[in-house]
Amino acid sequence: MLLQIPEVLTPAELERMQQILARAETEWSDGRATAGPQAATVKNNQQLPWRSASTQALQAILLPALQRHAVFFSAALPKKILPPMFNRYGGDSNTYGNHIDQAVRVLPDGSGRVRSDISCTVFLADPAHYDGGELVIEDSFGPQRVKLPAGHAVVYPGTSVHRVEPVTRGQRVASFFWIESMVRSDEQRRLLFDMDMALMRLRQQHGETPEAVTLTGTYHNLLRLWADT
Ligand code: NI
C-alpha cells in the first residue's frame with residue numbers, strides 16, 4: 001500500500017527540525033555509507049551521520065510525532081522502527097537511481113534487526129524551494145511520483161523498486177527509515193487500514209452504534225489473528 005500521510009509534523013516541530021538541519025551544514029557526508037552493493041552503484045546523495053548529535057536531536061522530534069499519529073499507526077502497525085535517518089539531494093549529489101531497499105537492517109547500536117516491511121519518507125523541505133527530487137515508486141498501477149509539502153510523509157511497501165529523480169535546483173531534505181510491521185503482509189495491512197478508516201468515519205457520522213461495536217471487534221479479531229508482536 002502506497003499512502004500519503006499529511007501533517008505528520010506540526011508547523012512548530014517542522015520549524016525546530018529545519019533549524020537543526022540549518023546548523024548541521026558541515027556534517028553532511030556521502031550517502032553510500034549505508035547502501036548495499038547494488039544500491040551503492042546508483043546512490044548519489046548526502047546523509048547526516050547516524051550517531052551525530054544533530055541526527056539524535058532530529059529523531060527526538062520525529063519519533064514522538066510518528067508515535068502519536070493515528071493514521072501512520074493504522075497504516076504501518078509498527079512493531080519496530082529503525083531510527084530515522086536524514087538525507088539531502090542537491091548540487092553534485094542529487095539523485096538515487098532505481099533500487100530496492102535492503103530487506104533487513106541492523107539497529108545502529110547493534111542491539112537487533114529490523115525487517116523493512118515498509119519504507120517511509122518524511123519530506124522536510126518546501127517543494128517550492130527545489131526542482132526535481134520526486135520519489136518515484138514503481139507499483140502495480142505504474143510509477144507513482146511523490147513530492148509532498150514539508151512535514152508530510154509517504155509510506156510504501158519495502159518490496160517496491162523506487163528512485164529519487166535528480167534535483168536540478170535547490171536542495172531536497174528528507175527523513176527516511178524503515179518499519180517492521182506487526183502485520184507482515186501488505187495485503188492484510190491494507191484490509192485492516194481500510195476497515196479502521198471506515199470505522200472512524202462511521203463513528204463520526206453515526207456515533208457508537210451496535211454495528212460499529214461489532215465491526216470494531218472484527219477489526220481487533222483480525223489483528224489478533226494476523227499480528228506478530
Ligand atoms: Ni531506497
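About 310 Å³ of space lies in the largest pocket of this structure. A pocket here is an open set of points on a 1 Å grid over the protein atoms alone, with protein on both sides within 12 Å along at least five of seven lines; a cavity is a set of points where a 1.4 Å probe fits but cannot get out, and lining residues have an atom within 4 Å of a point. Grid points are joined across faces, edges and corners, and each volume is the space filled by probe spheres set on the points.

Before going on, a word on the model. It is a predicted one, in which local features need pLDDT of at least 70 and side-chain atom pairs count only at pLDDT 80 or more, while totals for chains, interfaces and linings use all residues. Residues are numbered from 1 along each chain as its sequence is written, and side-chain values use heavy atoms, with hydrogens and water left out.

**The largest pocket and the nickel ion**

The largest pocket has 30 lining residues, and those nearest its centre are Tyr96, His99, Asp101, His162 and Trp178. Strand β17 (172–181) gives the largest share of this lining, six residues. At least two residues each come from several elements, including α2 (37–40), β7 (95–99) and β15 (162–164). Helices (H or I, at least four residues) and strands (E, at least two) are DSSP runs, numbered from the N terminus.

Three of these names return at the metal. The nickel ion has His99 (NE2), Asp101 (OD) and His162 (NE2) as its protein donors, lying 2.1 Å from it. Donors are N, O and S atoms within 2.8 Å of the metal (3.2 Å for Na, K and Ca), and water is not among the atoms, so sites may look incomplete. Along the sequence, the spacing of the donor residues reads H-x1-D-x60-H. His99 and Asp101 are both buried, where buried means under 20% relative accessible area, exposed over 50%, and partly exposed in between (1.4 Å probe, protein chains only).

**A second pocket and a cavity**

The second largest pocket holds about 250 Å³ of space. Its lining includes Gln18, Leu21, Trp28, Arg88, His129 and Val173, and helix α1 (residues 11–23) provides the largest share, three residues.

There is one cavity of 30 Å³ or more, and the largest cavity has about 50 Å³ of space. Among the residues lining it are Met1, Asp117, Tyr156, Asp186 and Arg189. Strand β14 (153–157) and helix α5 (186–206) each supply at least two lining residues, with the largest share, three residues, coming from β14.

The table sets out the linings by class. Ala, Val, Leu, Ile, Met, Phe, Trp, Tyr, Cys and Pro count as nonpolar, Asp, Glu, Lys and Arg as charged, and the others, Gly among them, as polar.

| Space | Nonpolar | Polar | Charged |
|---|---|---|---|
| Largest pocket | 14 residues | twelve residues | four residues |
| Second largest pocket | six residues | three residues | three residues |
| Largest cavity | six residues | no residues | three residues |

**Two helices**

The expected span of a helix is 1.5 Å times one less than its number of residues. For the 13 residues of α1 that gives 18 Å, which agrees with the 19 Å between its end C-alpha atoms. The buried residues of α1 are Glu13, Leu14, Met17, Ile20 and Leu21. They cover an arc of only 125 degrees around the axis, so they sit on the same side of α1; the arc is that of the directions from the helix axis to the C-beta atoms. Turned away from that buried side is a face with the exposed residues Pro11, Ala22 and Arg23.

Arg16 also belongs to α1, and is partly exposed, with a relative accessible area of 45%. Its C-alpha atom is separated by 8.3 Å from that of Ile61, 45 residues apart along the chain.

Helix α6 (residues 210–226) has 17 residues that should span 24 Å, and its end C-alpha atoms are 25 Å apart, which agrees. Ala212, Thr216, Tyr219 and Leu223 are the buried residues of α6. Their arc around the axis is only 55 degrees, which puts them on the same side of α6. The face turned away from the buried side carries the exposed residues Pro210, Glu211, Thr214, Arg224 and Leu225.

**Two backbone angles to look at**

Glu7 is not a glycine, yet has a positive phi of about 50 degrees. Glu7 lies in the loop between β1 (3–5) and α1, and is exposed, with a relative accessible area of 58%. Leu77, also not a glycine, has a positive phi of about 40 degrees. Leu77 lies in the loop between α4 (70–76) and β5 (78–81), and counts as buried at 1% relative accessibility.
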